[in-house]
Amino acid sequence: AVNGNTEKKPPKFILKSLEKCMSIEDPLFLKAIPSEFAEDIKNGVFTKFGLKNNYNYCDAGTFDHYFNNKKEVIDIFINHYIKDSNNIVLSFHDKKTIQKIFGSNQHIISVPYNSYYDKMDSIYDQIAEFDGKVDSCIMDCPLLATAIAPKIWENLSMSIIDFGKIVTSTK
């Protein structure tokens, strides 16, 4: 999340939320990690962040991989599960770009990339307005998605689908 001098370090409450996300024990809550973390997890390096070596993690790059190498797989998934469903999309991108991928049947919360740290509560409140009214919360904002997912999982009645950065890949 921190890239030299180009991005500011996430606040402690974001890091705590990331840790909470990785410590959720519900078998219906799938956790994805970058594949390059696998060896460090096996060696216990990330135990303090809730990443255990005896857990079956998903590859965080799966959607990106399919989007870039077998786009028809992503298209089938989106056409079958997303486009005709009633969802909310949380993204750093504009409505037109989001609708191009997920269809026009989506409610959209556009989040400003540079200032979302300070708006976590208001972002959650906007999502909560759709509780019981949508099937899923689709996220296209990797760090924010991981940070806000525990609160959504624990308090709202909607599925969470984190697409990583595929919307960015379409630009």
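**Notebook: second pocket and nonpolar cores**

I began with the second largest pocket, where α7 gives the largest share of the lining, five residues. The model I am reading is a predicted one.

I looked up the volume next: the second largest pocket holds about 180 Å³ of space. Twelve residues line this pocket, and I noted S17, M120, A147, I148 and K151 as the closest to its centre. Besides α7, the elements that give two or more residues to the lining are α1 (12–22) and α6. I then sorted the lining by class and found six nonpolar residues, five charged and one polar.

I turned to the nonpolar cores. Which residues have the most contacts inside the largest core? I listed L90, I127, I148, I152 and M158, in a core of 22 residues. I148 thus appears in my notes twice, once among the residues closest to the centre of the second largest pocket and once among those with the most contacts in the largest core.

I checked which elements build this core: β3 (87–91), α6 (120–128), β5 (136–140) and α7 (142–155) each supply at least two of its residues. The largest share of the core is again from α7, with six residues.

I also noted a second core, separate from this one, with 13 residues; I82, I98, I101 and I166 are among them.

Last, I followed L90 through its contacts. Leaving out residues up to four places away in sequence, I found that L90 touches I109, V111, I123, I127, I138, M139, D140, C141, L144 and I148. Two of these partners, I127 and I148, are also on my list of residues with the most contacts in the largest core.

Note on methods. Residues numbered from 1 in each chain as written. Predicted model: local features only at pLDDT ≥ 70, side-chain atom pairs only at ≥ 80, totals over all residues. Heavy atoms only, no water. Core = buried A, V, L, I, M, F, W, Y, C linked by side-chain atoms within 4.5 Å. Buried < 20%, exposed > 50% of the residue type's maximum accessible area, 1.4 Å probe, protein only. Helix = DSSP H or I, 4+ residues; strand = E, 2+ residues; numbered from the N terminus. Contact = heavy atoms within 4.5 Å. 1 Å grid on protein atoms, 1.4 Å probe; cavity = no way out; pocket = protein on both sides within 12 Å on 5 of 7 lines; lining within 4 Å. Points joined across faces, edges and corners; volume = space filled by probe spheres on them. Nonpolar A, V, L, I, M, F, W, Y, C, P; charged D, E, K, R; others polar.
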